[in-house]
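What follows is a guided reading of one protein model, meant for someone who meets it here for the first time. Please keep the sequence and the three-dimensional view at hand while reading.

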Amino acid sequence: MFAHVRIITCEIVLLVLFMFLCGCVSTSIGEVGYTNDGITAKINNPNEPSDAFIQVTVYQVIGLSQQEHTVVMTSVKLQTGDNTVLIPVTLGPGNYKLKMYLIQHGERKTAVIRDIVV
């Protein structure tokens with residue numbers, strides 16, 4: 001009986017450890033904002049420094065509808081750890097929905113949808 005409890009405890013510890021490590025190995029896009037120079041995005045890169053591309057499709061939201069405003073793609077140099085990148089685009093006052101794609105080594109690593117108010 002005691003061995004059975006020990007095995008279950010070991011399995012639970014390994015499962016929690018696995019879940020923790022899985023969340024820390026991929027590049028992710030965090031908080032997004034807007035300045036007069038463009039869209040700023042915080043990107044966490046747990047891997048080695050690399051070149052990447054960010055593609056942003058900007059939709060202007062008016063009432064209950066949205067209309068594609070522009071598509072911007074820019075190259076960025078990601079360092080290991082937290083990065084803040086600038087995607088140059090000019091937006092007028094209003095509500096926007098951003099579909100953002102991060103591309104590293106020729107493949108899409110992550111994609112997010114964010115809402116911003118300018």
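A convenient place to begin is an open sheet of three strands, in which the order is β1-β2-β5 and the pairing is antiparallel; two strands are said to pair if DSSP finds at least two bridges between them. In this sheet β1 and β5 are the edge strands, each of them pairing on one side only. Averaged over the sheet and with direction ignored, neighbouring strands are turned by 20° against each other, where the axes are lines fitted to C-alpha atoms, for helices over the stretch in contact, and angles run from 0 to 180 degrees between N-to-C directions.

Before going further, it should be said that this is a predicted model, in which local features need pLDDT of at least 70 and side-chain atom pairs count only at pLDDT 80 or more, while totals for chains, interfaces and linings use all residues. Residues are numbered from 1 along each chain as its sequence is written, and side-chain values use heavy atoms, with hydrogens and water left out.

Within the three-stranded sheet, the antiparallel pairing of β1 with β2 extends over six bridges, and a hairpin of two residues leads from β1 to β2. Two positions show how these strands face each other: Gly-33 has Thr-40 in β2 as its bridge partner, and Val-32 stands opposite Ala-41 in β2. On the other pairing, β2 and β5 run antiparallel and are joined by eight bridges, with Ile-39 standing opposite Ile-87 in β5. As a general point, the side chains of a regular strand alternate between the two faces of the sheet.

Seen as a whole, the protein chain contains one helix and seven strands, and from the N terminus on its elements follow the pattern α-β-β-β-β-β-β-β; helices (H or I, at least four residues) and strands (E, at least two) are DSSP runs, numbered from the N terminus. Of the 118 residues in the protein chain, 29% are buried, a term that means under 20% relative accessible area, whereas exposed means over 50% and partly exposed lies in between (1.4 Å probe, protein chains only). The accessible surface of the protein chain comes to about 7,900 Å², and 59% of this belongs to carbon and sulfur atoms; such areas come from the Shrake-Rupley method with a 1.4 Å probe, and for residues only the protein chains shown count as cover. Among contacts (heavy atoms within 4.5 Å) between residues at least 6 apart in sequence, 55% join residues at least 24 apart.

What lies inside? The largest nonpolar core has 22 residues, and those with the most contacts inside it are Ile-54, Ile-87 and Met-100. Each of the strands β1 (28-35), β2 (38-45), β3 (50-62), β4 (65-78), β5 (81-88), β6 (95-104) and β7 (107-117) supplies at least two residues of this core. Such a core is a set of buried Ala, Val, Leu, Ile, Met, Phe, Trp, Tyr and Cys residues joined through side-chain atoms within 4.5 Å. With neighbours within four places in sequence left aside, the contacts of Ile-54 include Ile-43, Val-72, Val-85, Ile-87, Met-100 and Leu-102.

Thr-57, in strand β3, is buried, with a relative accessible area of 9%. Residues up to four places away in sequence not being counted, Thr-57 touches Glu-68, Thr-70, Val-71, Lys-97, Leu-98 and Lys-99.

Turning to charged groups, a search of the whole structure finds three salt bridges, a salt bridge being a side-chain nitrogen of Lys or Arg within 4 Å of a carboxyl oxygen of Asp or Glu. In one of them Asp-51 is joined to Lys-77, with the closest N and O atoms 3.1 Å apart. Because Asp-51 lies in strand β3 and Lys-77 in strand β4, this pair ties together parts that are 26 residues apart in sequence. Lys-77 itself is exposed, with a relative accessible area of 62%. Another salt bridge links Asp-115 with Lys-97, the closest N and O atoms being 3.0 Å apart; Asp-115 lies in strand β7 and Lys-97 in strand β6, so the pair ties together parts that are 18 residues apart in sequence. The side chains of Glu-107 and Lys-109 also meet in a salt bridge (3.3 Å, N to O), with Glu-107 partly exposed at a relative accessible area of 44% and Lys-109 partly exposed at 38%.

A last stop is His-105, placed in the loop between β6 and β7. The phi of His-105 is near 55°, a positive value in a residue other than glycine, and His-105 is exposed, with a relative accessible area of 65%.
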